[in-house]
Amino acid sequence: MEYRQLGRTGEKVSVIGIGCWGIGLSKDRRDWAGEVASLRRGVELGMNLIDTAERYSSGRSEELVGEAIRDFRDDVFIATKVAPPNLRHDAVIKACKESIRRLGVSYVDLYQIHWPDPAVPIKETMSAMERLVQDGMVRYIGVSNFSVSETDNARAALTRNEIASNQVEYALTNRSVEADILPYCVREKITLIAYSPLAHGRIARSVPNDILRKYDVTPAQAMLSWVTRNEQVVAIPKAGNIEHQEENASSIAVRFSAADYGKMP
Ligand code: NAP
């Protein structure tokens, strides 16, 4: 596994992390055991960045992440999210405490605002985020689905901390962030956490066969290698089974030439 610095924090997170949307969604407990095993295998393979959210599976995603990492909490970097309608000051604090309880940890590494809410002043939300940092419940602050101007406003609303990351949708088949958010993140040294990097499982069929053969990769691995070709990007594919997790973890073992990345439609 390769690691990259998260924002300007000095923390190293894995280039390929683990997305946890949908973990715990099934009503069948046997599925949960498979998901926990897949998460543990990912961590074993060096994927230390685990992304979840209070919203995912109504909190069960956080609970299963907590179960999976119980014996090696210090080896992982847990990112979770507070969602609208919890962006008022006291609601942020309460939501964070509840996430911490479900995760069974004493702090969250990265606390992200899941979506901006224009109805709540960003200063109010950020003052709660800074309080959480001050009280040791959160180590770093991130945002998600923020435009460039929303990220600028979020940064300006902080008094003692920086925005470490912006989590946005980015995949071979969805490159819209390349127009503005990615160059902004590169310039400002904010990590772009690429979500849905496998296009929600609609694996691209368009990667040329000669590239797959040349680097001996699967189409999913080619997508992950492509999306993380910029040093400022890490990706968080979701894998509900061990085979997918292993395939994803080894996706950046081979880097393609710039010319070959350019050939990927
Ligand atoms: P994704 O990672 O693009 O795709 C996940 C799908 O791909 C699953 O169906 C998975 O199947 C399949 N898959 C995984 N590895 C594979 C492989 N090697 N070969 C073939 N199929 C493979 O989609 P996502 O779950 O939407 O996004 C990933 C993460 O991003 C989420 O889990 C979440 O943490 C985050 N996210 C954040 C936001 C936000 O608003 N911030 C929004 C969406 C997602 P199996 O489960 O069967 O392995």
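**Strand 9 and its surroundings**

Strand 9 and strand 10 (residues 233-235) pair in the parallel sense, with three bridges between them. Within this pairing, Ile193 stands opposite Val234 of strand 10. The model described here is a predicted one.

Strand 8 (residues 163-169) is also a partner of strand 9: the two run parallel and are joined by five bridges. One of the positions involved is Glu169, whose bridge partner in strand 9 is Tyr195. Helix 6 (residues 181-188) completes the picture here, as strand 8, this helix and strand 9 make a right-handed β-α-β unit.

How many of the residues of strand 9 (residues 191-195) are buried? The count is five of five, so the strand is mostly covered, given that buried means under 20% relative accessible area. Both faces share in this cover. Thr191, Ile193 and Tyr195 are buried on one side, while Leu192 and Ala194 are buried on the other.

A second point of interest is Arg4, which lies in strand 1 (residues 3-5). Is this arginine buried or exposed? With a relative accessible area of 4%, Arg4 is buried, because the value falls under 20%. Beyond its neighbours within four places in sequence, Arg4 is in contact with several residues, including Val233 and Val234 as well as Thr228, Glu231 and Arg255. Asn230 is also among the contacts of Arg4, and its backbone oxygen lies 3.0 Å from a polar atom of the Arg4 side chain. Glu11, Lys12, Val13 and Val15 are contacts of Arg4 too. As for Ile16, 12 residues from Arg4 along the chain, the C-alpha atoms of the two are separated by 9.8 Å.

Methods. Residues are numbered from 1 along each chain as its sequence is written. This is a predicted model: local features need pLDDT of at least 70, side-chain atom pairs count only at pLDDT 80 or more; totals for chains, interfaces and linings use all residues. Side-chain values use heavy atoms; hydrogens and water are left out. Helices (H or I, at least four residues) and strands (E, at least two) are DSSP runs, numbered from the N terminus. Buried means under 20% relative accessible area, exposed over 50%, partly exposed in between (1.4 Å probe, protein chains only). Contact means heavy atoms within 4.5 Å. A polar contact is a pair of N or O atoms within 3.5 Å; within protein, one must be able to donate a hydrogen and the other to accept it, and residues adjacent in sequence count only if both atoms are side-chain atoms. Two strands pair if DSSP finds at least two bridges between them. A crossover is right-handed if, with the strands pointing away from the viewer, the path from the first strand over the helix to the second runs clockwise.
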